[in-house]
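Take a look at the model below. The paragraphs after it walk through the chains, their sheets and the place where they touch.

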Amino acid sequence: MKIILPGRLLQLMLIFAVIASCSKDGNSAAAPDTANNGAGGSLARYTIVGDYLYLVDDYNLDVYDCHNLANPVRKSSQQIGFGIETIYPFRDKLFIGSTNGMYVYSLEDPAAPRLEGAVTHVRACDPVVANDSAAYVTLRNFGTTCGGTENVLNVYNVKDVQHPRLVRTVTMKSPGGLGIHQSALYVCEGQNGLTVFDISKGYEPLEIRTLKGKDYQDVIPYNGLLICHLSDGICFYDLSDPLHPVEFGTVKN
Amino acid sequence: MRLQLYTVVILALMAVLGSSCFDNGWGRRYQDKKPSAFVPIYGIDSSLRTIASASPQPTVAAGKIYTLGNRLYQVENSKGIHIIDYQDVNHPVKLAFITIPGCSEVTVRNNVLLTNNMNDLVSIDISDVSKAKLIARVPKAFNRYFFDQAVVARPAPSNVYYVCPDPWQGEVVGWKVEKNVEGAFCKTN
């Protein structure tokens, strides 16, 4: 089947249309309350921080005030690029993955996120997770339509968030969704398994082991558990020792 | 005055150059008419805007996940959301399935699912998982939906040309056959 999307044309045009966001610094400096919230996977396009829902479509970051869940109110919408794919909250920041880079937004004003820093990389699919000092991004060309050329885990130094810096690239088979728990980084590689890295030396991830036998898509580390999104369901691991996940139950059909 | 005249001349030149560009480039493509081709019908299918609880369903096309407390929520791609209790993590139990056509995202807050029903943002009260209740709908809040749909939506017959769905025009609710169709660049297998 041949496809020439009109949308593809628009995408190309949008590359050149750099829209400057003009969100003002608000007075509200309250730290997002994440205690009451759950957690999503790294492939999510929707995320909740405090009373706000953040969602990304291909071009925009939209913010909804959800104080009243029966009446979500859109507070802001800003164009951030093209090929936007994922959104990941960490403390007072949002890490946004696109097919050509990573964006970091400040939630100092939760109703109007402000761009703090960005890096570009080769065109590929790229979920991102982060801690205080590092952001981990996977790029892959395996089984996707993202036009990627590499299969790697990229490590960025984000201590100076305005200037994220690529500090390490680890070649992998088919990296996708990923998650962090304490000193462990989990990277899903579909049928190639779930690879566990020791990131106690933040910028030098050390490969510890790869769990096999399932089709791993994404993970959520949550309350000492590793919850895995498989292509045919979910499964749970105990993270008492973060580097040695132990399998619990599986839910399929 | 002289400046204005100059501007008019420049504009005229640009118009001439511009139109010749179109004639030589994209214009010709769009003049490429197919004698007969399928054309998408855009609209809103209200039957795909109905949300309801159902008994637990098998997982076929497992999608994104979200967790809160001892509950896990997993998207069944484009169909809805599985609600799974994992209080006993060795024996997780499916509690219910919430039917949400065109669903791909999932988040939860205070017993309310925030997700997408096609391209709408919806709030669904699941205090009682067997009686899911739509409490808010924000139409067209998630047009991302149609980028996926634009690739998938196609007429049923094989080996026919059709106008590629335009994600900006919204939902494809059907197809019609027209004659002398411009821009029918897509073809079914």
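Two strands count as paired if DSSP finds at least two bridges between them. Keep that rule in mind for the hairpins below. The model is predicted.

Start with the two chains. Chain A has 253 residues, and 46% of them count as buried. Its secondary structure comes to 1 helix and 21 strands. Chain B has 189 residues, of which buried residues make up 36%. Here there are 3 helices and 13 strands. Now take the contacts with a separation of 6 or more. In chain A, 43% of them link residues 24 or more positions apart. In chain B, that share is 51%.

How confident is the prediction for chain A? The average pLDDT of chain A is 83, and 79% of the residues score at least 70. Confidence is highest in β16(A), at a mean of 98. It is lowest in helix α1 (residues 6-16) of chain A, at 38. Residues 1-35 of chain A have a pLDDT below 50. Even so, this stretch has 50 contacts in the model beyond near neighbours in sequence.

Next, go to strand β15 (residues 184-188) of chain A. Are its residues buried or exposed? The strand is mostly covered, with 5 of its 5 residues buried. In a regular strand, side chains alternate between the two faces of the sheet. On one side of β15(A) sit Ala184(A), Tyr186(A) and Cys188(A). On the other sit Leu185(A) and Val187(A). All of these are buried, so both faces are covered.

β15(A) has a partner before it in sequence and another after it. Strand β14 (residues 178-181) of chain A pairs with β15(A) in the antiparallel sense, over 4 bridges. In this pair, Leu178(A) stands opposite Val187(A). The two strands form a hairpin with 2 residues between them. In that turn, Gln182(A) has a positive phi of about 50 degrees. Strand β16 (residues 194-198) of chain A also pairs with β15(A), again antiparallel, over 5 bridges. Ala184(A) has Asp198(A) as its bridge partner there. This hairpin has 5 residues between the strands, and Gly190(A) takes a positive phi near 60 degrees.

From here, turn to the core. In soluble globular proteins, nonpolar side chains tend to be buried together. The largest nonpolar core of this model has 101 residues. Which residues touch the most other members? They are Tyr136(A), Ile227(A) and Ile98(B). Tyr136(A) leads back to the hairpin strands: its contacts outside its neighbours within four places in sequence include Leu178(A) and Leu185(A). Val128(A), Val129(A), Ala130(A), Leu153(A) and Val155(A) are also in contact with Tyr136(A). Another core, of 8 residues, lies apart from the largest one. Among its members are Ala37(B), Val163(B), Cys164(B) and Trp175(B).

Chain A also holds an open sheet of 4 strands. Their order is β6-β7-β8-β9, and the pairing is antiparallel. The edge strands are β6 (84-90) and β9 (114-120) of chain A, each pairing on one side only. On average, neighbouring strands are turned by 20 degrees against each other, direction ignored. Inside the sheet, 6 bridges join β7 (residues 93-98) to β8 (residues 101-106) of chain A. One bridge partner pair is Leu94(A) and Tyr105(A).

Another open sheet takes strands from both chains. Its 6 strands have the order β1(A)-β3(B)-β4(B)-β5(B)-β6(B)-β2(B), with antiparallel pairing. The edges are β1 of chain A and β2 (52-54) of chain B. At the chain A edge, strand β1 (residues 39-40) pairs with β3(B) over 2 bridges. Gly40(A) has Tyr66(B) as its bridge partner. At the other edge, β2(B) pairs with β6 (residues 93-99) of chain B over 3 bridges. Ala54(B) stands opposite Phe97(B) in that pair.

Finally, look at where the chains touch. In total, 45 residues of chain B are in contact with 45 residues of chain A. On the side of chain B, the largest share comes from β3(B), with 6 residues. Several other elements supply at least two residues each, including β4 (71-76), β8 (112-117) and α3 (144-152) of chain B. By class, this side has 27 nonpolar, 11 polar and 7 charged residues.

Key:
Residues are numbered from 1 along each chain as its sequence is written. Chains are lettered from A and ligands numbered from 1 in the order in which they are written. This is a predicted model: local features need pLDDT of at least 70, side-chain atom pairs count only at pLDDT 80 or more; totals for chains, interfaces and linings use all residues. Two residues are in contact if their C-beta atoms, placed from the backbone, lie within 7 Å. Ala, Val, Leu, Ile, Met, Phe, Trp, Tyr, Cys and Pro count as nonpolar, Asp, Glu, Lys and Arg as charged, and the others, Gly among them, as polar. A residue is buried if 20 or more other C-beta atoms lie within 10 Å of its own, exposed if 12 or fewer, and partly exposed in between; C-beta atoms are placed from the backbone. A nonpolar core is a set of buried Ala, Val, Leu, Ile, Met, Phe, Trp, Tyr and Cys residues joined through C-beta atoms within 7 Å. Axes are lines fitted to C-alpha atoms, for helices over the stretch in contact, and angles run from 0 to 180 degrees between N-to-C directions. pLDDT is the predictor's confidence in each residue, from 0 to 100.
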